[in-house]
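Colleague: I am new to this structure, so please take me closely through one part of it, the active site.

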Amino acid sequence: MPITPATATHSTSNGTAEAILLELVDEDGNTIGTAEKLAAHQAPGQLHRAFSVFLFDEHGRLLLQQRALGKYHSPGVWSNSCCGHPYPGEAPFAAAARRTYEELGVSPSLLAEAGTVRYNHPDPASGLVEQEYNHLFVGMVQSPLRPDPEEVGSTAFVSAAELAERHAKNTFSSWFMTVLDAARPAIRELTGPSAGW
């Protein structure tokens, strides 16, 4: 993973990683505290701030990411371009841009806010729970991807029709359709009616 100013502050001087803290929020998205990342995802889950990014190419195709097999949560499943959690006090937009670069090795040529969605999705495979207040972002990617293999198993650009076919054949993250549906108005505005989103 590339070291950025945001990630550098979360490593100790002897090179060991500190516990990653997430920002806990109330139902209106107001910060009410912090919790360790894994603890926040253990059943029944603690409501915390998250983000989801949907990136498109110039043909209106969505960039999908297959999560690396080594991920502790939802390994090997397909999901949106990038998702994650802001550090406590980090703006969701900054976190989305940071993690897009860390995971995919690119900076979006355009990134815009696309609203928020709140959900509760248990993951039957792991027993973990996604209890999230999720900030949505849509954008464009025009540079070659350089995915971090520890984060990303594979990537694919798909049209709306191809996504429907893939969704019938592949395993997707428990939160994928919820965040996609919530982001659709902004996605349609970005890609235009001909893209079919």
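Modeller: UniProt positions are given in the numbering used here, with shortened feature names, and such annotations may be inferred rather than shown by experiment. With that caution, the unreviewed UniProt entry lists Cys 83 and Glu 132 under "active site". These two span 50 residues in sequence, yet their C-alpha atoms are no more than 11.6 Å apart, so they gather at one spot. This is a predicted model, in which local features need pLDDT of at least 70 and side-chain atom pairs count only at pLDDT 80 or more, while totals for chains, interfaces and linings use all residues. Residues are numbered from 1 along each chain as its sequence is written, and side-chain values use heavy atoms, leaving out hydrogens and water.

For the setting, the same record annotates residues 46–183 as "domain: Nudix hydrolase". Over residues 46–183 the chain is 22% helix and 38% strand (DSSP runs of H or I, at least four residues, and of E, at least two, numbered from the N terminus), and the end C-alpha atoms of this stretch are 23 Å apart.

Turning to Cys 83, this residue lies in strand β6 and is buried, with a relative accessible area of 16% (buried means under 20%, with a 1.4 Å probe and protein chains only). Leaving aside neighbours within four places in sequence, Cys 83 is in contact (heavy atoms within 4.5 Å) with Phe 51, Ser 52, Arg 67, Glu 103 and Trp 175. Of the two annotated residues, Cys 83 is included in the lining of the largest cavity (a set of points on a 1 Å grid where a 1.4 Å probe fits but cannot get out, lined by residues with an atom within 4 Å of a point). That lining also includes Arg 67 and Glu 103, which are both among the contacts of Cys 83. Gln 65, Lys 71, Ser 79, Asn 80, Cys 82 and Glu 151 belong to the lining as well, and β4 (62–67) and β6 (82–84) each supply at least two of its residues.

As for Glu 132, this residue lies in strand β8, residues 129–140, and is buried, with a relative accessible area of 4%. Not counting residues up to four places away in sequence, Glu 132 touches His 41, Leu 47, His 48, Ala 50, His 85, Val 117, Arg 118 and Tyr 119. With His 48 there is also a side-chain to side-chain polar contact of 3.0 Å (N or O atoms within 3.5 Å, one able to donate a hydrogen and the other to accept it) joining that residue to Glu 132.

Definitions and conventions:
On a 1 Å grid over the protein atoms alone, a cavity is a set of points where a 1.4 Å probe fits but cannot get out, and a pocket is an open set with protein on both sides within 12 Å along at least five of seven lines; lining residues have an atom within 4 Å of a point. Buried means under 20% relative accessible area, exposed over 50%, partly exposed in between (1.4 Å probe, protein chains only).
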